[in-house]
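Please consider the following model, beginning with a single residue and then moving through its helices, strands and loops.

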Amino acid sequence: MSEQTMNSADHEQNPPATLSFPASFAQQRMWFLHKLDPADPSYHVPLLLRMRGPLDIAALGGAFEDTIARQEQLRTSFADVDGDLHQRVHPYGRFELGLHNVEAGYVADADLVAHPGVAELLSRLIDAPFDLGQADALRAEVIELGGEDRLLAIVVHHIVIDGWSLKILLNELDVCYRARVAGTPVTLPELSIQYADYAEWQHDRTDRAALDAELAHWRTLFPHGLTDPNLPTDRPRPLERSSNGARHEFDIDAETAGAARQLARADGATLYMVLLAAWAATISRASGGCDTVTAATLLANRDNPQIVDLIGLFVNTLPIPVDLSGQPTFRTLLERVRRTTMDVFAHQDAPIEQIVPALRRPHDTGEVTFPLLFALQNFADSRIRFADLDVVRIDEDERSTRFELELHVWEHPDRLRAAIVYSTDLFDPDTVARLGRTFVTILRSCCATPDRNPDRIPLPAEAVHP
């Protein structure tokens with residue numbers, strides 16, 4: 001069992017030693033990607049919160065210390081020991097919360113990250129490399145904007161956090177901040193295990209025969225290995241692509257969102273499956289027609305109640321093959337997506353770190369990657385609960401991507417909000433904007449008349465690639 005949180009008196013009298021554990025499979029892959037280019041910010045996870053109201057900076061710094069003390073991953077470093085990656089849990093101590101002033105005047109939320117003074121500070125904070133050999137995978141700064149208006153910028157390396165963990169981090173910061181301000185004890189339930197315990201369990205349960213059986217099933221899903229869609233790009237794919245990226249946002253109107261949900265209910269599917277089917281149809285249409293579109297997807301991987309409240313890298317990235325052969329109707333395509341998705345979810349215990357090598361084709365060179373990603377996000381509300389402050393989550397300008405095209409969709413009560421994050425090495429903004437319009441057109445038409453072939457839906461006057 002890894003180190004559990006002690007009270008401050010025990011900590012001062014008996015300072016805990018640094019403890020070493022095997023890294024999880026997901027951490028091993030993240031470490032590999034980090035070592036390829038330690039300066040690549042693709043795996044830096046930012047969280048930007050605009051806060052209005054009276055903020056106690058000292059209490060906020062203390063809340064970070066309390067949360068870091070409670071969640072071991074936030075004070076973990078990594079080291080290669082004789083070819084094996086180990087995570088090292090360090091004693092907790094002081095946390096340095098940066099503080100800066102930018103007299104921004106009135107700036108709308110949507111324009112804040114583009115303000116020159118703010119943008120400069122964020123670029124330095126977000127893009128600065130992490131030294132994962134030190135226990136500093138989290139950093140945070142408060143940017144004072146004038147009066148009681150400020151931006152809290154938090155950046156964490158992906159090796160110790162995932163999207164689910166961001167919600168945990170915010171919740172615990174809130175609870176700890178309120179306790180600091182009130183001078184009362186923190187009232188969070190004790191964690192029964194820590195992430196290092198999960199990593200040890202993961203290694204202990206690795207049964208070679210069971211894993212081989214899982215991988216054999218994955219090979220049946222991809223009999224020809226991982227193949228890339230023949231998606232036209234604005235520029236040739238370079239031999240060594242950078243992580244340079246950008247983001248295009250758009251709305252999916254309430255009527256279309258409602259029709260997508262209704263179709264999902266009628267056909268025994270989910271909104272996720274409807275959107276994935278429409279995204280695959282969009283990619284196929286942009287490619288001039290293809291029999292299979294493979295999109296990576298993100299799974300929270302938190303079925304065990306012991307890890308629900310842990311900060312750490314649990315998310316698993318799995319490929320889903322979408323069969324578009326034979327010019328199916330959208331209803332038929334949705335049924336194929338439903339079956340395949342449920343099959344993939346039923347075999348999600350196989351870590352992607354094992355799946356990718358198993359699906360490597362004989363002629364593949366270098367690392368096998370997924371060019372496409374689709375994700376339906378549940379962290380959509382820009383309004384965040386934090387003490388009695390008015391807090392809004394601010395979207396960061398995307399400057400990097402790990403895929404060629406990522407489609408993210410967020411559920412809102414009155415609509416769906418979508419964003420395509422794309423490689424600027426390959427695509428121009430106008431091309432991606434047309435792709436977004438094509439996706440909405442196909443989704444709207446297919447949900448209204450699901451028994452038609454998506455390839456025969458009239459598109460807007462401008463094609464995806466003129």
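Asp 212 is partly exposed, because its relative accessible area is 37%; buried means under 20%, exposed over 50% and partly exposed in between, computed with a 1.4 Å probe on protein chains only. This residue is found in helix H7, which covers residues 208-221. Helices (H or I, at least four residues) and strands (E, at least two) are DSSP runs, numbered from the N terminus. The C-alpha atoms of Asp 212 and Ala 358 are separated by 9.5 Å, with their positions 146 residues apart along the chain.

The model is predicted, and local features need pLDDT of at least 70, side-chain atom pairs count only at pLDDT 80 or more, and totals for chains, interfaces and linings use all residues. Residues are numbered from 1 along each chain as its sequence is written, and side-chain values use heavy atoms, with hydrogens and water left out.

Gly 117 belongs to helix H4, residues 116-127. With a relative accessible area of 22%, Gly 117 is partly exposed. Its C-alpha atom and that of Ala 196 are separated by 39 Å, the two residues being 79 apart along the chain.

Helix H2 (residues 25-36) comes next. Its 12 residues reach 17 Å from the first C-alpha to the last, close to the 16 Å expected at 1.5 Å a residue; the expected span of a helix is 1.5 Å times one less than its number of residues. The buried residues of H2 are Phe 25, Ala 26, Gln 27, Met 30, Trp 31, Leu 33 and His 34. Their cover includes E3, strand E4 (84-89), strand E7 (149-157), helix H6 (195-204) and helix H11 (352-358), where contact means heavy atoms within 4.5 Å.

Gln 27 of this helix also appears among the residues that Gln 73 touches. Gln 73 itself sits in the loop between helix H3 (57-70) and strand E3 (76-81). Why does Gln 73 count as buried? The reason is that its relative accessibility is 1%. Leaving aside residues up to four places away in sequence, Gln 73 touches Gln 27, Gln 87, Ile 159, Val 160, Tyr 195, Ile 311 and Gly 312. With Gln 87, the side chain of Gln 73 forms a polar contact of 2.8 Å. A polar contact is a pair of N or O atoms within 3.5 Å; within protein, one must be able to donate a hydrogen and the other to accept it, and residues adjacent in sequence count only if both atoms are side-chain atoms.

A helix pair follows. Helix H9 (residues 271-286) and helix H10 (residues 330-346) pack at an angle of about 115 degrees, and their axes are 9 Å apart. Axes are lines fitted to C-alpha atoms, for helices over the stretch in contact, and angles run from 0 to 180 degrees between N-to-C directions. On the H9 side, Tyr 272, Met 273, Val 274, Leu 276, Ala 277, Ala 278 and Ala 281 take part, meeting Phe 330, Leu 333, Leu 334, Val 337, Arg 338, Thr 341, Met 342 and Phe 345 of H10. By class, this contact has 13 nonpolar, 1 polar and 1 charged residues; Ala, Val, Leu, Ile, Met, Phe, Trp, Tyr, Cys and Pro count as nonpolar, Asp, Glu, Lys and Arg as charged, and the others, Gly among them, as polar.

Arg 336 is also found in helix H10. Its relative accessibility is 18%, so Arg 336 counts as buried. Beyond residues up to four places away in sequence, Arg 336 touches Asp 323, Leu 324, Ser 325 and Pro 328.

Two loop residues merit attention for their backbone. Most residues other than glycine have a negative phi. Asn 301, however, has a positive phi near 60 degrees, and lies in the loop between strand E9 (292-299) and strand E10 (316-323). Gln 327, not a glycine either, has a positive phi of about 50 degrees and is placed in the loop between E10 and H10.

Finally, Glu 406 lies in strand E14, residues 405-412. Glu 406 counts as buried because its relative accessibility is 8%. The side chains of Glu 406 and Thr 401 are joined by a polar contact of 2.6 Å. Not counting residues up to four places away in sequence, Glu 406 touches Leu 373, Thr 401, Ala 419, Ile 420 and Val 421. Its C-alpha atom is separated by 21 Å from that of Cys 446. Helix H12 (residues 429-448) is mostly covered, with 15 of its 20 residues buried.
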